[in-house]
Each structure stands twice: as structure tokens, then as C-alpha cells.
Amino acid sequence: MAVKDRDRFSTATRIRLLGEQTAARVYRSQTKRQARRSRLTGRAALLALVVCSMVVALAYPIRQYVSQRAEIADLKRQKQEAAERVEQLRDTKARWQDDAYAEQRIRERLHYVMPGETGFVVIDPDAARQSRTDQGAADRPWYTDIWDGVDKADAADH
């Protein structure tokens, strides 16, 4: 029995017992941790489900909100542009009510000349060259030129 008592308190025996106790503690803590993880995983799954449900439920209204905000911004921009255009038209109307401006524009567009003035028409050199290349146009009847003008105007609308 003395050998057994001595063996019981030997260093190797103590280390072996200490290792077994440590292994038992680690095993117990791992099982506790796994038990905690399983409860936490269920809670996390529920939380994830709630968050996903919220995201799905709010996705459409948020998308609508963003698109409506963009539409409002676009309408405000259009309103601003329309207000600027109205202001330009008011300025133009006020200018046309001035007789001097109206006379100037009429004389410029219709090539009117006041009595005693000499009128000059300056021809664009590029236009003169272009008219020389259209020598065949002078040989055609007048109604052909009119019809060509109608065709060109119709083609410009498309």
C-alpha cells in the first residue's frame, strides 16, 4: 500500500489528474457554449427574419419616395425654365411695343428703305457659289421650284 500511496502523490499522477480535470472542464464549457449558441442562433435567426421582413416591407415605399422626390425635383426645374421663358417673352413683347425697335426689325427683315436712303443687299459669297452650281434651276418652270420648296419644308418637319 505504501507504493500505491506514493504512486498516488507522484508528479506524473498529479499531472495526469490535473489533465483529466482540465479536459473535463473544457468539455463542460464547450457543452455550455454549444447550449448558449443554440439559443443565440435561434434568437439571431428570429432577428434576421424580422430585419428581412422590414427590408422587404419598406423597399417599395422607399423606392416610391425616392422616385417621387426625383420627379418633384424635375418638375421644379421645369417650372424654373418655364418662368425664365415667360420672362424672356415678356422682354420681347415689351421691346416689340417700342416703335423704334419694331421699325428696326421690320426694316432689317423686309429690307425696307426710308425715302432718301439707298438700300444695299450684301450677298453671301458661299450663296453666290451655290447659285452658280444650280444653273439648271433657271431652266426649269417656276412651279417646279415651288414644289421643290414644299418638299424641302415637308422633309424638314420629319
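This is a short tour of the structure, stop by stop, with something to select at each one.

**Before you start**

You're looking at a predicted model, so local features are described only at pLDDT of at least 70 and side-chain atom pairs count only at pLDDT 80 or more, while totals for chains, interfaces and linings use all residues. Residues are numbered from 1 along each chain as its sequence is written, and side-chain values use heavy atoms, with hydrogens and water left out.

**Stop 1: the whole chain**

Show everything as a cartoon. The chain has 5 helices and 0 strands; helices (H or I, at least four residues) and strands (E, at least two) are DSSP runs, numbered from the N terminus. Reading from the N terminus, the order is α-α-α-α-α.

Now colour by pLDDT, the predictor's confidence in each residue, from 0 to 100. The chain averages 82, and 80% of its residues reach 70 or more. Which elements have the lowest and the highest mean pLDDT? Helix 1 (residues 2-8) is at the bottom with 53, and helix 3 (residues 99-110) is at the top with 89. A word of caution: where pLDDT is low, don't read the predicted coordinates in detail.

Switch on the surface. The chain exposes about 14,800 Å², and carbon and sulfur atoms supply 59% of that (accessible areas come from the Shrake-Rupley method with a 1.4 Å probe; for residues, only the protein chains shown count as cover). Of the 158 residues, 3% are buried. Here, buried means under 20% relative accessible area, exposed means over 50%, and partly exposed is in between (1.4 Å probe, protein chains only).

**Stop 2: a nonpolar patch**

Select Leu-46, Leu-49, Val-50, Met-54, Leu-58, Ile-62, Tyr-65 and Val-66. Together they form a nonpolar patch on the surface, with about 810 Å² of accessible area. Patches are made of residues with over 30% relative accessible area and no salt bridge; like charges are joined within 9 Å, and nonpolar side chains (Val, Leu, Ile, Met, Phe, Trp, Tyr) within 5 Å. Val-66, one of the patch residues, is found in helix 2.

**Stop 3: linked charges in helix 2**

Side chains of opposite charge can pair when their charged atoms come close. A salt bridge is counted when a side-chain nitrogen of Lys or Arg is within 4 Å of a carboxyl oxygen of Asp or Glu, and the count comes to 5.

Select Asp-74, Arg-77 and Glu-81, which are linked in a network of salt bridges. Asp-74 pairs with Arg-77, their closest N and O atoms 2.4 Å apart. On the other side of the network, Glu-81 pairs with Arg-77 at 2.9 Å. How far apart in helix 2 are Asp-74 and Arg-77? They are 3 residues apart in helix 2 (residues 11-97), so about one helical turn separates them. Glu-81 and Arg-77 are 4 residues apart, which is also about one helical turn. Asp-74 is partly exposed at 31%, as are Arg-77 at 41% and Glu-81 at 42%.

**Stop 4: an aromatic pair**

A search of the whole structure finds 2 aromatic pairs. Select Trp-96 and Tyr-101: this pair is edge-to-face, 5.4 Å centre to centre with 80° between the planes. (Rings of Phe, Tyr and Trp, its six-membered ring, pair if their centres lie within 6.5 Å; planes under 30 degrees apart count as stacked, over 60 as edge-to-face and the rest as tilted.) Trp-96 is partly exposed at 38%, whereas Tyr-101 is buried at 19%.

Next, select Trp-142 and Tyr-143. They also make an edge-to-face pair, 5.8 Å centre to centre with 80° between the planes, and both residues are exposed.

**Stop 5: helix 3 and what follows**

Select helix 3. Its 12 residues reach 16 Å from the first C-alpha to the last, close to the 16 Å expected at 1.5 Å a residue (the expected span is 1.5 Å times one less than the number of residues).

Add Arg-107 and Glu-117, whose side chains meet in a salt bridge at 2.2 Å, N to O. This pair links distant parts of the chain: Arg-107 is in helix 3, and Glu-117, 10 residues away, is in the loop between helix 3 and helix 4 (125-133). Arg-107 is partly exposed at 25%, and so is Glu-117 at 40%.

Finish on His-111, which follows helix 3 and belongs to the loop between helix 3 and helix 4. Most residues other than glycine have a negative phi. His-111 is not a glycine, yet its phi is positive, about 60°. Buried or exposed, what is His-111? His-111 is exposed, with a relative accessible area of 55%.
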